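Please open the structure in your viewer and keep a selection box at hand. The stops below each name what to select next and then say what is there.

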Amino acid sequence: MLWSGWGDPAKAAPLPEPVVGLLRDLLGVKPAAAPPVALDAVAVPASRLVPEDLGALAGAVGAGHVRTDAETRVRHTRGKSTPDLLRIRAGETSDAPDAVVLPATHDEVGSVLRACSERGIAVVPFGGGTSVVGGLAPRGAERFIALDLRRMDALIELDEVSRTAVLQPGLRAPAAEALLNERGYTLGHFPQSFEWASIGGFAAARSSGQASAGYGRFDDMVVGLTVATPAGDLDLGRAPKSAAGPDLRQLVLGSEGAFGVITSVTVRVRPVPSATEYEGWRFATFADGAAALRGVAQDGPLPTVLRLSDEAETMVGLADPAAIGGASSAGCLAIVGFEGEPGEIAGRRAAVADLLRAAGGEPLGTAPGDTWAHGRFNAPYLRDSLLDAGAFVETLETAAFWSGIPALYEAVRAALTGTLSDAGTPPLVMCHISHVYPAGASLYFTVVSAQGADPVAHWAGAKRAACDAIVDAGGTISHHHGVGTDHRDAYAREIGPLGGAVLRAVKERLDPAGILNPGVLVPPATEE
């Protein structure tokens, strides 16, 4: 992955001049002050690990799998939020890990955790490095390592009778799909981070893919987990469901490396669909479209993909990042996708069409859906191009019950617009519904503005205001990005003092030395 951006550097093409002009005229965007610092010019602080520390780590995984060179440490510094990228593009590496350690087995992970507990070295599990909520930059750690799980990248077992697969955590999503496809199966999990994210990361952050209407979220797919903790091992999941007490799998899912390191994941898989069809629909307003999606989610049948862009996102054409700025469509664009056998698709497609027409939808044919499907992973590359052009672009997401969606949508838009305008960088705020359920939906916001004098500070103020608006409006602080360090304070408000105390109790039992991803997820008592 590009060290200062997203993915394959060749895919971040320069913005067309008309788009640059639009950004300049609409938002006051000015050319970037300087290009990213060259990788070989980026310096990292001296490692704070002493020879005895490095020796203990080498004893756990082998000396060749403990790395302290500058490039490896730079590539494991922070995640991929826009503030992360702006800081790394400027060569700022104050929170680079002191070493990168690459275990190959569950037992080696356990050995690393024991060595680090004894020596007071914090451990940050590292999968694909795609966190956008500060999940890879611990707080208050005097010394820390990045525990890179890339060597744990196997399909361990495929149970075709139960239709489950056991996957190692460092397996990247495209490789997992390829291994399963060879046997005729699919995971069906395609988040925007698909090209680079890992199986362990999906579980640790409760990832949700673009086909969640049909396949469910990643936590819906998980039926078993193996976890290494400083206090010992957890082997969870004897059956798909159980009434034997609270489900401890749910304690690990979404724990973001704060309770332990996931070393294998057992997931539900499905046969590869024989056909896929995508189409577009137009609604006059976002409220009309949201009501239509609610009708489909509640009265079904559900398509595999169901999403709706608001007026601003439709106008800009964000559903097709390759043609950004070239759209002029009025109203709101919905994308509907179906997978399965052709005959079964036809029946579901007709039933969904009846519901959408009854709600005021206008069918646009397959072209908008095919365009979206073709460019579904391009948005992060567009962000790199926008940053190169001097624009600031960032995203945030939330979810609520259907009755609360309208107020939540307006509250977050108002918080972002007001705060960034007051900072002198008035934004364009766009939104889409990306995941639907019978009881509610998620809202995914994209914000574009000029960078201004201090874009990281400008965004920090806007993000705080948006988080406050989310909590005050009754939404959850994250639907699928996670908590990390960025959302921890708002998460403490969401779960309340007793909820925070429960998380701390779990943390203290599984990680008594407090080495696992300190500052991530678990709120300290003083922040309640």
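Select Ser-434 first: leaving out residues up to four places away in sequence, Ser-434 touches Ser-212, Leu-306, Arg-307, Ser-442, Tyr-444 and His-480, where contact means heavy atoms within 4.5 Å. The model is a predicted one, in which local features need pLDDT of at least 70 and side-chain atom pairs count only at pLDDT 80 or more, while totals for chains, interfaces and linings use all residues. Residues are numbered from 1 along each chain as its sequence is written, and side-chain values use heavy atoms, with hydrogens and water left out.

Ser-434 lies in strand β17 (residues 428-436); strands (E, at least two residues) and helices (H or I, at least four) are DSSP runs, numbered from the N terminus. Ser-434 is buried, with a relative accessible area of 5%, where buried means under 20%, exposed over 50% and partly exposed in between, for a 1.4 Å probe and protein chains only. If you now add the side chain of Ser-442, you will find a polar contact of 2.9 Å joining it to the side chain of Ser-434. Such a contact is a pair of N or O atoms within 3.5 Å; within protein, one must be able to donate a hydrogen and the other to accept it, and residues adjacent in sequence count only if both atoms are side-chain atoms.

Move next to helix α12 (residues 311-316), where Glu-311 is found. Is Glu-311 buried or partly exposed? With a relative accessible area of 32%, Glu-311 is partly exposed. Its side chain reaches the backbone nitrogen of Phe-286 at 3.0 Å, and Phe-286 is also among the contacts of Glu-311 beyond four places in sequence, which include Ala-284, Thr-285 and Tyr-409. The C-alpha atom of Glu-311 is separated by 9.3 Å from that of His-432, 121 residues apart along the chain. Within α12, select Thr-314 as well: Thr-314 is buried, with a relative accessible area of 7%, and its side chain reaches the backbone oxygen of Asp-310 at 2.9 Å.

Now select helix α16 (residues 405-422) together with helix α17 (residues 455-472), which pack at an angle of about 155 degrees with their axes 8 Å apart. Axes here are lines fitted to C-alpha atoms, for helices over the stretch in contact, and angles run from 0 to 180 degrees between N-to-C directions. The contact is made by residues including Leu-408, Ala-411 and Ala-415 of α16 and Trp-459, Ala-462 and Ala-466 of α17. By class, the residues of this contact divide into twelve nonpolar, three polar and no charged, with Ala, Val, Leu, Ile, Met, Phe, Trp, Tyr, Cys and Pro counted as nonpolar, Asp, Glu, Lys and Arg as charged, and the others, Gly among them, as polar.

For another helix pair, select α11 (residues 286-299) and α13 (residues 342-358), whose axes come within 9 Å and cross at roughly 145 degrees. Here Ala-292, Gly-295 and Val-296 in α11 meet Val-352, Leu-355 and Leu-356 in α13.

Finish at helix α15 (residues 379-388), where eight of the ten residues are buried, so the helix is largely enclosed by the rest of the structure. Among the buried residues of α15 are Tyr-381, Arg-383 and Asp-384, and the buried residues pack against α1 (17-27), α4 (82-89) and β16 (391-401). Just after α15, Gly-390 takes a positive phi of about 100 degrees.
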